[in-house]
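Here are a few exercises to work through with the model open beside you. Try each task before reading its solution.

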Amino acid sequence: MFKTIIVAVDGSDCAKKAVTAACELAKQSEGQIIVVHAPQAETSAFAVGAVAGYHEVLSAPTHDELTEAGTKILDEATAIAKEAGCDVQTDLHIGDPVRQVLQVAKDNNADLIVTGRRGLGSVAGLFLGSTSQRIQHHATCACLTVV
């Protein structure tokens, strides 16, 4: 049923559960999984600081810092998938997570986008809505939000 599944991850617990759920669906339908992480400099300072072990972040992260932290998040998602018995492809894009996830889904003719219900969050989320809500609103394929 779902041959190409996109999983959006941000390092949160819900995103980790989304990877596991996507693996179960992919195994049932012999589908492939593409795990996408798309950090945005304006909202990623906290995440980069947390991954790097800093207690305080004084400036926006650089492109290299975003890439390093993003690679760690994708490596963790890959380990979760392997533990669940799935191989995954990973895709790291710097920029608006909603736009990037939707573009990867379009480029790969995805059947399903899986997200976690609660991510790392930001003040922007209070005004713009959550990433998962925005993905669902604009997606042209099925979406699954994991709690």
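**Exercise 1. Place the contacts and the fold.**
Work out what share of the contacts with a separation of 6 or more comes from residues 24 or more positions apart, and in what order the elements run.

*Solution.* Start with the contacts: among those with a separation of 6 or more, 76% join residues 24 or more positions apart. Keep in mind that this is a predicted model. Next, count the elements: there are 6 helices and 5 strands. Walking from the N terminus, you meet them in the order β-α-β-α-α-β-α-β-α-α-β. Finally, look at burial and surface: 39% of the 147 residues count as buried, and the protein exposes about 8,300 Å², with 51% of that supplied by carbon and sulfur atoms.

**Exercise 2. Read the two sides of α4.**
Find which residues of helix α4 are buried, and explain why they lie on the same side of the helix.

*Solution.* Step one is to list the buried positions in α4, residues 97–107: P97, V98, V101, L102, V104 and A105. Step two is to look around the axis: these residues share one side of α4 because they cover an arc of only 160°. A general rule helps here: an α-helix has 3.6 residues a turn, so residues three or four places apart point the same way. Step three is to turn to the other side of α4, where R99, K106 and D107 are exposed. Step four is to ask what the buried residues pack against: their partners are the strands β1 (4–8), β2 (32–37), β3 (88–92) and β4 (112–116), together with α6 (131–138). To finish, step just past the end of α4, where N109 takes a positive phi of about 50°.

**Exercise 3. Follow α4 into a pocket.**
Determine which element gives the largest share of the lining of the second largest pocket.

*Solution.* First, take the volume of this second largest pocket, about 150 Å³. Then go through its lining, which includes R99, L102, Q103, A105 and K106, as well as N109 and H138. The largest share, 5 residues, comes from α4. By type, the lining divides into 6 nonpolar, 4 polar and 2 charged residues.

**Exercise 4. Look into the cavity.**
Find which elements give two or more residues to the lining of the largest cavity.

*Solution.* Begin with the count: the structure holds 1 cavity of 30 Å³ or more. The largest cavity contains about 50 Å³ of space. Two elements, α1 (13–29) and α3 (63–83), each give two or more residues to its lining. The largest share, 4 residues, belongs to α3. Among the lining residues are D10, K16 and E76, and the whole lining divides into 6 nonpolar, 2 polar and 3 charged.

Key
Residues numbered from 1 in each chain as written. Predicted model: local features only at pLDDT ≥ 70, side-chain atom pairs only at ≥ 80, totals over all residues. Heavy atoms only, no water. Buried < 20%, exposed > 50% of the residue type's maximum accessible area, 1.4 Å probe, protein only. Arc of directions from axis to C-beta. Contact = heavy atoms within 4.5 Å. Areas by Shrake-Rupley, 256 points an atom, 1.4 Å probe, with all protein chains shown as cover. 1 Å grid on protein atoms, 1.4 Å probe; cavity = no way out; pocket = protein on both sides within 12 Å on 5 of 7 lines; lining within 4 Å. Points joined across faces, edges and corners; volume = space filled by probe spheres on them. Nonpolar A, V, L, I, M, F, W, Y, C, P; charged D, E, K, R; others polar.
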